[in-house]
Amino acid sequence: MNLNCKNITKQFGKQIAVDNISFSLNEPKIYGLLGRNGAGKTTLLRMIANYIRPTQGEITFEQKPLWENEEAQRQIFLATETSFFPNLKIKELFNWFEQSFPNFDKQQCLNYANQFELDINKTTAKLSTGYRSVMRVVLALSVHTPILMLDEPTLGMDAFHRELFYKLLIQNYAESPSCILLSTHLISEVEGLLENVIIMDHGKILVNQSAEELLRRGYCVSGKISDVDEYCSGKNVIGSNVVGGLKTSAILGERQNCSSSLELSSLSLQQLFVQLVGSENPL
């Protein structure tokens with residue numbers, strides 16, 4: 001399995017939503033696609049899903065152009081906020097998926113629907129926001145495509161349903177590994193799931209690396225302003241905060257020994273994200 005995005009740009013009028021980015025998905029992993037509202041995440045996912053075509057650049061799947069590639073469309077699935085056939089009953093939608101995706105497991109989908117207490121006799125249009133998200137994830141977890149993309153999958157879900165989704169996602173991934181691209185604002189909830197992190201901002205990719213390596217490189221130093229400034233000299237400082245005479249700076253790079261007057265601490269993925277999207281020089 002190999003999907004390659006090469007120098008892709010998507011422009012809507014004068015607005016550049018995705019700006020000349022390149023990356024590949026070529027092995028089963030859970031990728032986190034992170035970014036603020038308007039960063040270009042959903043546009044990127046829609047291009048990979050073959051919903052819209054790049055203005056420039058090319059996306060290939062198994063070395064063949066993705067656009068209007070029917071075989072590729074059966075190997076890539078995007079679960080996003082857009083409803084599927086809102087006037088169909090959910091059980092009828094399951095039948096449509098069974099005909100459209102060769103590896104779709106209808107019985108598994110019915111089991112998932114039962115666990116989420118999803119009424120399959122309702123139409124999508126009659127569901128609440130949370131249950132529309134439930135419907136999308138039970139389909140996504142049952143479709144078994146080599147590339148699965150989840151765009152804000154837990155939108156509107158309550159805490160119980162979110163926890164159940166994460167549990168089933170990990171279970172499903174362990175039993176049937178695939179390339180999962182998970183776009184979410186709930187970074188603290190998914191931090192333990194992610195193997196690779198892609199951070200977008202203003203249509204560009206700021207970071208694309210393993211979650212473990214990114215977390216290892218990110219840390220904070222705290223202490224008196226003058227001591228912190230001296231320690232940070234020549235380092236890649238991605239954010240700072242001053243309260244009274246004390247300063248805390250976030251750094252991306254290798255940790256170095258510090259004096260006893262300073263304190264070093266780790267950053268969570270959410271803290272790193274917040275600092276990186278506000279940094280002019282994140283790498």
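This is a short walk through a predicted model, with stops at a helix, a pocket and a single tyrosine.

**Stop 1: helix α3.** Select residues 90-100, which make up α3. Now show the side chains of Ile90, Leu93, Phe94, Phe97 and Ser100, the buried residues of this helix. Look down the axis: these five sit on the same side of α3, because they cover an arc of only 130 degrees around it. What do the buried residues of α3 pack against? Add β6 (76-79), α4 (106-115) and α5 (129-143) to your selection, and you have the partners.

**Stop 2: the largest pocket.** Keep α3 and β6 on screen and add α2 (70-73), since each of these elements supplies at least two residues of the lining of the largest pocket. To find the middle, select Tyr51, Gln73, Ile76, Trp96 and Phe101, the lining residues that lie nearest the pocket's centre. In total, 14 residues line the pocket, and the space inside comes to about 330 Å³. Colour the lining by class and you should get 9 nonpolar, 3 polar and 2 charged residues.

**Stop 3: Tyr166.** Move on to helix α6, residues 159-175, and pick out Tyr166. Is this side chain's residue buried or exposed? Tyr166 counts as buried, because its relative accessibility is 7%, against a cut-off of under 20%. Next, show what Tyr166 touches beyond its neighbours within four places in sequence: Thr154, Leu186, Glu189, Val190 and Leu193. Finish by drawing a C-alpha to C-alpha distance from Tyr166 to Leu193: the two are 27 residues apart in sequence and 8.3 Å apart in space.

Definitions and conventions
Residues are numbered from 1 along each chain as its sequence is written. This is a predicted model: local features need pLDDT of at least 70, side-chain atom pairs count only at pLDDT 80 or more; totals for chains, interfaces and linings use all residues. Side-chain values use heavy atoms; hydrogens and water are left out. Buried means under 20% relative accessible area, exposed over 50%, partly exposed in between (1.4 Å probe, protein chains only). Helices (H or I, at least four residues) and strands (E, at least two) are DSSP runs, numbered from the N terminus. The arc is that of the directions from the helix axis to the C-beta atoms. Contact means heavy atoms within 4.5 Å. On a 1 Å grid over the protein atoms alone, a cavity is a set of points where a 1.4 Å probe fits but cannot get out, and a pocket is an open set with protein on both sides within 12 Å along at least five of seven lines; lining residues have an atom within 4 Å of a point. Grid points are joined across faces, edges and corners, and a volume is the space filled by probe spheres set on the points. Ala, Val, Leu, Ile, Met, Phe, Trp, Tyr, Cys and Pro count as nonpolar, Asp, Glu, Lys and Arg as charged, and the others, Gly among them, as polar.
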